[in-house]
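This briefing covers salt bridges, one helix and the nonpolar cores of a single structure. Please read it alongside the sequence and the coordinates.

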Amino acid sequence: MHDWNLNVQRMIDYVERNLRGDITLAGVARRLGYSPWWCTRQFSRVCGKSLRSYVRMRRLSEAAIALRDSRRGILDVAFEFGFSSQEAFTRAFVDAWGTSPGAWRKSGKPIPLTTQAHPWSPFEHEGGTIMVTAIPGEISRTLQTAPARRFLGIWVANATDYLDFWGILAARGVDCGVVEGTLASLTAIMQVGGWQRRDGVPGYLYGVEVDSDYAGSVPEGMELLDVPETTYAVFHHPPYDFDTEDAAVWAALKEAVESFAPGAGYEIDRTGITFQRHDAANMGQSWCVPLVKAP
């Protein structure tokens, strides 16, 4: 059977490249070589929503981010993302999140944006095994001190990594799309994952780093942690191709961190958070291991 998860991913990639342009079902279908009816049926089956609804909510969500991160006029943003008027934009915004664009811009209250869907994983083929098709480049290690900040997100006990984290949440009935969308709506330094032990129990956390003076809302089910100024051993791999190299980069970083012995008057802070920063195309991937001065 044809892998429609992959075809739907191609549809999504096309939509994401054209959120500010003209997107039609006929145009999307033409690029795949299938009928519009068949494409929209498969999209709904894979994503649980229609293509039309996905496009509308992605445009609305990107428009919300544009409002959050700039001082541009609401009408200007509405036009940029394909809304015919400020009134139409406002109606759509209220329908989606129960507040107007202007009121949300002032409040900064977290709302569940619709983030880009990823129905196809580049790590799996029909046999369900991980593909490692490239050898990662050299991993650098530097000593860096990060200022105090806060972490807002979720910690899951016994989760071993990013995928396990989301799998456990999904098994608990948590809507992972709502979690990701809510985090995406926050003004943050960046999204991060990481490993932390609590009372001897290992776990993985995921969320956003925010400024140390952050005093905004904490969404239900999330927590706000103070992260003090910390010195880290930062293991970094430069930008790479996510589709073909991510598994190899991850494995190489894991090996480098597990074989690390600090020296130079430091030891690993076992009570701290080892942060994972991941943006393959732009910054690559870094694992930041917390250190303290050796006694």
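The points below are grouped by topic and describe a predicted model.

**Salt bridges**

- The model holds 11 salt bridges.
- Four residues, Arg20, Arg72, Asp76 and Glu80, are joined in a salt-bridge network.
- Within this group, Arg72 pairs with Asp76 at 3.0 Å between N and O, and Arg72 also pairs with Glu80, where the closest N and O atoms are 2.5 Å apart.
- Arg72 is partly exposed, with 29% relative accessibility. Its two partners fall into that class as well: Asp76 is partly exposed at 42%, and Glu80 is partly exposed at 21%.
- Glu80 counts as partly exposed because its 21% is not under the 20% that defines buried.
- Another salt bridge links the side chains of Arg68 and Asp69, with an N to O distance of 2.7 Å.
- Arg68 is partly exposed at 24% relative accessibility, and Asp69 is partly exposed at 47%.
- Side chains of opposite charge can pair when their charged atoms come close.

**Helix H4**

- Helix H4 runs over residues 51–69 and has 19 residues.
- At 1.5 Å a residue, H4 should span 27 Å, and its end C-alpha atoms are 27 Å apart, so the expected span and the model agree.
- The buried residues of H4 include the nonpolar Leu51, Val55, Met57, Leu60 and Leu67. Arg58, Arg59 and Ser61 are also among the buried residues of this helix.
- Cover for the buried residues of H4 includes helices H1 (4–17), H2 (25–32) and H3 (36–47), along with H5 (74–80), H6 (86–97) and H7 (101–107).

**Nonpolar cores**

- The largest nonpolar core has 31 residues. Those that touch the most other members are Leu152, Ile154, Phe165, Trp166, Leu169, Leu183 and Phe235.
- Helices and strands both contribute: H8 (162–171), H9 (176–184) and H10 (242–258) each supply at least two residues of this core, as do strands including E2 (149–157), E6 (230–237) and E9 (284–293).
- Strand E4 gives the largest share of this core, with four residues.
- A second core lies apart from this one and has 19 residues, including Met57, Leu60, Phe93 and Leu113. Met57 and Leu60 are also among the buried residues of H4.

**Contacts of Phe235**

- Leaving out residues up to four places away in sequence, Phe235 touches Ile139, Ser140 and Arg141, among others.
- Further contacts of Phe235 include Leu253, Ala256, Val257 and Phe260, as well as Gln285, Ser286, Trp287 and Val289.

Definitions and conventions: Residues numbered from 1 in each chain as written. Predicted model: local features only at pLDDT ≥ 70, side-chain atom pairs only at ≥ 80, totals over all residues. Heavy atoms only, no water. Buried < 20%, exposed > 50% of the residue type's maximum accessible area, 1.4 Å probe, protein only. Expected span 1.5 Å × (residues − 1). Contact = heavy atoms within 4.5 Å. Core = buried A, V, L, I, M, F, W, Y, C linked by side-chain atoms within 4.5 Å.
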